[in-house]
Amino acid sequence: MAPQERPIGKLERAIIFLGPPGSGKGTQAKELAKKFGVPHLSTGDMLREQIAAGTPLGLKVKPIMERGELVPDSLVLRIIAERIERVDCFHGFVFDGFPRTVTQARYLGELLKQHGLKQPFVIHMVIGTAILMRRLTGRRVCSKCGEIYNIYNRPPKLPGICDIDGGELIHRPDDREEVVAPRLHAYEKQTAPLVSYYRRLGALEDIDASKSIEEVQQQIWQCVMRILGAP
Ligand code: AP5
């Protein structure tokens, strides 16, 4: 039976997508969450929603994100703690862009324990930085449903319009070339140490994220099936 056709059980844990900006975390995390019927939790999307709604939190984080820096742990942790309290998270969830610092990872470990969930498993998206610039500057995202496109290799049928719901496609302000370098720097300095943190716990697997979207999806699926102990 092809991996995609196997019946899907409950996830009952958190899966974390860890990788540099543009490595494909959002593209893959959404699909995996859909397969398991669990929420896809992107801290970047949550923060952008706050900015769009003009909340006090949104006003605080907007300039930080536009500079390509990480938002302070205390703000992100509050959002996550509230979000995973909700009933739709009881059978697990897929994190995209969280945790991003060792402090966030430690806090998450405690939260999961409190909620009776197993320790998380990390999908580490491995990719060279040369490919990332093209992926990020070419990305367009649907303003309505969040579908992710790329003008170079995954264009919509009509320029600027989402194939799914006709929503307007937007270019994220932090995908401008001059903001990509500070984002990559923040990843190397603050987030990359999480790779050894989770590897030491035996809870991380490397995925070659430079392959096509379909090939990466296949690798992830095989990895997740192994973790869950499926045949
Ligand atoms: P966030 O929104 O999390 O951005 P990111 O981590 O920089 O990651 P991206 O969304 O840019 O990339 P991705 O890996 O999801 O790639 P995607 O699938 O879209 O964070 C934004 C900001 O919010 C941060 O800078 C920070 O300020 C703040 N923030 C968020 N979380 C935080 C936290 N926990 N703590 C502190 N601050 C936080 O793909 C990219 C493009 O490539 C797309 O066009 C796609 O179509 C294409 N693509 C994907 N896969 C492939 C493939 N295999 N082959 C070819 N093209 C591909």
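Hi everyone, let's start in the middle of the protein: Phe93, Phe95 and Phe98 make up one aromatic cluster. Before I go on, please keep in mind that this is a predicted model.

Within that cluster, Phe95 and Phe98 form a tilted pair, with 5.0 Å from centre to centre and 55° between the planes. Phe95 is buried, at a relative accessible area of 0%, and Phe98 is buried with a value of 0% as well. As for Phe93, what does it touch once we leave aside its neighbours within four places in sequence? Its contacts are Leu11, Arg13, Ala14, Ile15, Val38, Pro39, Leu41, Ile84, Leu112 and Leu117.

That brings us to the nonpolar cores. The largest one has 34 residues, and those with the most contacts inside it are Leu18, Val71, Phe93, Phe95 and Tyr198. Which elements supply it with at least two residues each? They are strand 1 (14–18), helix 2 (43–53), helix 3 (56–66), helix 4 (73–83), strand 3 (93–96), helix 5 and helix 8 (193–200). Helix 4 gives the largest share of this core, six residues. Apart from this core lies another, of 26 residues, with Ala33, Ala203, Trp221 and Cys223 among them. As a bit of background, nonpolar side chains in soluble globular proteins tend to be buried together.

Let's stay with Trp221 for a moment. The count of aromatic pairs comes to four, and one of them is Phe36 with Trp221, tilted, at 5.8 Å centre to centre and 40° between the planes. Phe36 sits in helix 1 (residues 25–36) and Trp221 in helix 9 (residues 213–228), so this pair ties together parts that are 185 residues apart in sequence. Phe36 is buried, with a relative accessible area of 10%, and Trp221 counts as buried too, at 2%. Trp221 has another partner: the charged end of Lys35 sits over its ring, 4.3 Å from the centre. Elsewhere, the charged end of Arg134 sits over the ring of Tyr152, 4.2 Å from the centre of that ring.

Now for the charges. How many salt bridges are there? The count comes to 15. Here are a few of them.

Take Lys113 and Glu110, whose closest N and O atoms are 3.4 Å apart. These two are three residues apart in helix 5 (residues 102–114), so about one helical turn separates them. Lys113 counts as exposed, at 56% relative accessibility, while Glu110 is partly exposed, at 42%.

Arg67 and Glu69 form another salt bridge, with 3.0 Å between their closest N and O atoms. Arg67 is partly exposed at 44%, and Glu69 is partly exposed at 40%. Then there is Asp206 with Arg199, at 3.3 Å from N to O. Asp206 has a relative accessible area of 39% and Arg199 has 41%, which makes Asp206 partly exposed and Arg199 partly exposed. If you prefer something more elaborate to look at, Arg139, Arg172, Asp174, Asp175 and Arg183 are linked in a network of salt bridges.

Finally, a word on confidence. The mean pLDDT of the chain is 92, and 95% of its residues reach 70 or more. Residues 1–7 have pLDDT below 50, and beyond near neighbours in sequence this stretch has 10 contacts in the model. Where pLDDT is low, the predicted coordinates should not be read in detail. Thanks for listening!

How values were computed:
Residues are numbered from 1 along each chain as its sequence is written. This is a predicted model: local features need pLDDT of at least 70, side-chain atom pairs count only at pLDDT 80 or more; totals for chains, interfaces and linings use all residues. Side-chain values use heavy atoms; hydrogens and water are left out. A salt bridge is a side-chain nitrogen of Lys or Arg within 4 Å of a carboxyl oxygen of Asp or Glu. Buried means under 20% relative accessible area, exposed over 50%, partly exposed in between (1.4 Å probe, protein chains only). Helices (H or I, at least four residues) and strands (E, at least two) are DSSP runs, numbered from the N terminus. A nonpolar core is a set of buried Ala, Val, Leu, Ile, Met, Phe, Trp, Tyr and Cys residues joined through side-chain atoms within 4.5 Å. Contact means heavy atoms within 4.5 Å. pLDDT is the predictor's confidence in each residue, from 0 to 100. Rings of Phe, Tyr and Trp (its six-membered ring) pair if their centres lie within 6.5 Å; planes under 30 degrees apart count as stacked, over 60 as edge-to-face and the rest as tilted. A charge sits over a ring if NZ of Lys or CZ of Arg is within 6 Å of the ring centre and within 35 degrees of the ring normal.
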